[in-house]
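Colleague: Take me through the packing of this chain, please. Keep the answers short.

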Amino acid sequence: MIRVYTDGSCLPNGVGGWGFIIVPSPITNHTEYQVCGAHDDTTNNRMELQAVIEALSFEIPNITQKPFSFKFYTDSKLTMNCAKGDWKRKANLDLWTIYDSVSKGKRIEWEWVKAHNNDHYNEQVDKLANGIANELAKSRF
């Protein structure tokens, strides 16, 4: 099982960032992967979901078989509960369509983690998402 921490952020000017960390394991050859990206004119909820989509789409180098089992750790109850089907998807339907496509055939477990509560990987992925959003914002203004 691949363990993944995800987070999204959005600055007041609408610049957002997403990030994920794949936790080292035998499947990843004990390598940690940190990946992030940014978008203009977005929302925090879009970035939370984008992080999950990007993690599911990420090609882990040098593995012999594709991972089909994931455990996501997120501080977004909205993303988690909509992905699990516990809550109705009312917004960002374009991203939910992509999520449905990239998650097809994969076993996904979810665990909610409280934000800013000294969870090492949650704190790290928060820094990734906020950092890349701030970088994009600085380059735009």
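What follows is an exchange on rings, cores and one loop residue.

Modeller: This is a predicted model, where local features need pLDDT of at least 70, side-chain atom pairs count only at pLDDT 80 or more, and totals for chains, interfaces and linings use all residues. Residues are numbered from 1 along each chain as its sequence is written, and side-chain values use heavy atoms, with hydrogens and water left out.

Colleague: How many aromatic pairs are there?

Modeller: Rings of Phe, Tyr and Trp (its six-membered ring) pair if their centres lie within 6.5 Å; planes under 30 degrees apart are stacked, over 60 edge-to-face, the rest tilted. By this rule the count is eight.

Colleague: Phe 72 and Trp 110 form a pair of which kind?

Modeller: Phe 72 lies in strand E4 (residues 69-74) and Trp 110 in strand E5 (residues 107-112), 38 residues apart. Strands here are DSSP runs of E, at least two residues; helices are runs of H or I, at least four; both are numbered from the N terminus. Phe 72 and Trp 110 are both buried (under 20% relative accessible area; exposed is over 50%, partly exposed in between; 1.4 Å probe, protein chains only). Their centres are 5.1 Å apart with 25 degrees between the planes, and the pair is stacked.

Colleague: Why is the pair of Trp 96 and Tyr 99 edge-to-face?

Modeller: Both sit in helix H3 (residues 93-103), three residues apart, about one helical turn. Trp 96 is buried at 6% relative accessible area, and Tyr 99 is buried at 4%. The ring centres are 5.4 Å apart and the planes stand at 80 degrees, so the pair is edge-to-face.

Colleague: Which element gives the most to the largest nonpolar core?

Modeller: A nonpolar core is a set of buried Ala, Val, Leu, Ile, Met, Phe, Trp, Tyr and Cys residues joined through side-chain atoms within 4.5 Å. The largest has 24 residues, and Leu 56, Phe 72, Tyr 99 and Trp 110 are among those with the most contacts inside it. Elements giving two or more residues include E4, H3 and helix H1 (44-57). The top contributor, with seven residues, is H1.

Colleague: Where is Thr 42, and what does it touch beyond its sequence neighbours?

Modeller: Thr 42 is in the loop between strand E3 (33-39) and H1. It is buried, at 11% relative accessible area. Contact means heavy atoms within 4.5 Å. Leaving aside neighbours within four places in sequence, Thr 42 contacts Cys 10, Gly 14, Val 15, Gly 16 and Met 47.
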